[in-house]
Every structure is written in C-alpha cells, then in structure tokens.
Amino acid sequence: MSIDDLLNRSFIKWMDTSGPDTDIVLSSRVRLARNLSPIPFPHLLDEARGAQCMQLIQDAFAKAEEPEIKAMQIAPFDQLSSLDREILVEKHLTSPNHAASASPFRGLAVNKEGSLAVMINEEDHLRIQCLLPGLQLEQSYNLAGQVDDSLEKYLDYAFDERRGYLTSCPTNVGTGMRASVMLHLPAMVMAGQISLIFQNISQLGMTVRGLYGEGTEIIGNLYQLSNQVTMGLTEDDIINNLSIITKQMIEQERLLRQKLYKEMQYQLEDKIGRSYGILKHACVLSSNEALTLLSDVRLGVDMGIIKNIQPLTLNELEVAIRPAHLQYQAGQEMDALHRDVKRAQIIKEKLNQKQA
C-alpha cells in the first residue's frame, strides 16, 4: 500500500455503514498519546533530536512482527504536499495542527483501510489512533492498544509510576487516552435541546468539539463527543463512561426523531425534500451549506423518508466535497467560487448514480 492509494481512494474504513448504530454514530475513535524518554516534547525538538526521534519510531515499526503493523506505511510530511496533508485531515486521519507543517520530523503511519493511524510528532511524539464505523469504542481501544503494545517493545515511553504516561498537555497525563464518537444529532437541534444536553454532559467530564476536533466549528449537526479527563481514570473507565453517555444520546435522538415525525410529519418531509432538491439541482454550493443540506438528507435516509440513497454515499460525500479533495480531483488549485461549482457538480453526480 502506498500513501497515493489512500489519497486517491474515496472510501476509508470509518465510512462503512455496517457498524452498530450508524444512524446516529458515524464513527468511534480511540487515541493514545505517547512520548519517548528522554527526548524533549515535539515543540522543543531541534534538528538533531527531531531526526533521532523520527529514526527511533521508524525503527520500531520496522522491527514489529505483527502483520497489520508491518503493513503500515510511514509518510514523512516533508515528502507530502500541503494539499496531500490537508486531504489526510479531511479523511480524519490526522489533525489540522499536525498537517500545518512540512517538518521532516512529522509524519503519519497508516494502514490500507485508514482504520489505524499514528501521528508522529504532533503535540506528542506518538498519537496512536483507531477509527471505526458506528459505536465501536471497545474494539477501537483494543486495536489501538495492539499497536501501542507492539511499539512499546522497542521504544522507551515516558512513564511515571504515580502519574502515568507523560504528555505535552497536562490534561492528557495518566492514560494518555482520548476516546470520542462522531454523532449526527439533527432532531436534538430541531427540538432546541442540544445546548442543555451538552451542558449536562460537560458536568460528567465530557467535552464537545467540531467536525475536525478541537478548535473546529460544528456544522451539519455533527458533534464530536469525547472524554475531557484522563488522570485518575483507567482506560476501561473512560470507554465505559463514554459508551453509557453515547447510548443515552442515541436513545434520546431516536425518540425525538419519532416525536418530530409524529407531530410535524409534513413540515419535516418538506424540509428534507427541499434540501434533497437543492442538492440535486444547485449549480453553486458552499461547504457549510452543502453539509447542512446533507444533514437533512441523511436524516431522511435514516428515517426511511428517502429510499433511493445509501448512507455510504453520504459518508463519502462528507469528505469528497471538502476543499482539498475538490482541488485534488480537479488537478489544480481553485478559488472559492470554482470550488463551490465543483462541489455542486460532485454532489449532483453522486446523488444521481444508481444506488446498490
């Protein structure tokens, strides 16, 4: 597998709709932050220590005996264009902050499916993540843990017996683990309950972020829910707490969808139908408008109101209409207007295809 295969392919594992509860939960992610001792944290690396850190990590991958880890390819960021790196962000394989620099000490190790990825020298030396479709937090943790265990055989992790894993950000000290789910919650938004629900969730040690994590905006009724604290909790505690809250939100969202349909059937069908019509016929669509309209169509598909569109198509479109993917497909840089035109064209083509 080459990194070009991943850049060219529209599908990656989290888009698969065979996972549990994919009508509400698009994906589950577990990320483990690890640092090497005694190498300084990434923001303090000079050229010599940065090169040393990258070499140690590359050697650990090369020595790994597990087939799934040996198959992961490391792509140093100085060998990728800024557009390539942005595509990896849009596929949720790396963070905007990580992709911002072409440093030779930064890179990404990733498997063929995109379900396993390791960010090298982001905020920490290693950020091991597993990203799976639907509500699969425990499975994501197990797979990320396998990569972690394999690399730890060959790397000296920064670890304190009392504090746990040492990380660049104090909030990650302890397990170094962040677990998250990407939720589609249009009924909660329509019912005006979303703010109150998230206020209550914050009191339970959870936080809500946008589509691409910390510092990104919430669009298309997509919310990333994750644990806020790692110290003093075990990995199982974090997974269990997030799973319980997520299941409660799934139940609440489904109940609200049923209530909205019962009380406002014609208005709801009209809203969904209008959004579907705009997407099928518009010639110019901004990113935010497209994601908002796709949220309505996704709700219509999940509720059986729209019957000729597969959820997989919508997951692929969530990524395919982002700025870097549009320019990559066009083979050239485009200004905002031409991206908006290309976006509308791709959506029309995709929605008019015969669905399996």
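User: What makes serine 180 the bridge partner of arginine 29 in this predicted model?

Analyst: In this predicted model, arginine 29 has its bridge partner in β8, and that partner is serine 180.

User: Why are β1 and β8 called paired strands?

Analyst: Pairing takes at least two bridges between the strands. β1 and β8 (residues 177-184) have seven, in the antiparallel sense, so they count as a pair.

User: Where does that pair sit in the sheet?

Analyst: The order is β2-β3-β4-β5-β1-β8-β10-β9, an open sheet of eight strands with antiparallel pairing. Neighbouring strands are turned by 20° against each other on average, direction ignored.

User: What makes β2 and β9 edge strands?

Analyst: β2 (73-76) and β9 (206-209) each have a single partner strand, so one side of each is left without a neighbour in the sheet.

User: How do you know which strands helix α9 packs on?

Analyst: Contact means heavy atoms within 4.5 Å. Helix α9 (residues 235-263) touches β1, β8, β9 and β10 (222-227), and its direction makes about 10° with that of β8.

User: Why is the space lined by Asp16 and Arg298 called a cavity?

Analyst: A cavity is where a 1.4 Å probe fits but cannot get out. One cavity of 30 Å³ or more turns up, and the largest has a volume of about 40 Å³. Its lining includes Asp16, Val25, Arg298 and Asn315.

User: Which elements supply at least two residues each to that lining, and how do its residues divide?

Analyst: β1 (25-34) and α12 (311-320) each supply at least two. The lining divides into three nonpolar, three polar and two charged residues.

Note on methods: Residues numbered from 1 in each chain as written. Predicted model: local features only at pLDDT ≥ 70, side-chain atom pairs only at ≥ 80, totals over all residues. Heavy atoms only, no water. 1 Å grid on protein atoms, 1.4 Å probe; cavity = no way out; pocket = protein on both sides within 12 Å on 5 of 7 lines; lining within 4 Å. Points joined across faces, edges and corners; volume = space filled by probe spheres on them. Helix = DSSP H or I, 4+ residues; strand = E, 2+ residues; numbered from the N terminus. Nonpolar A, V, L, I, M, F, W, Y, C, P; charged D, E, K, R; others polar. Axes fitted to C-alpha atoms, helices over the stretch in contact; angles between N-to-C directions.
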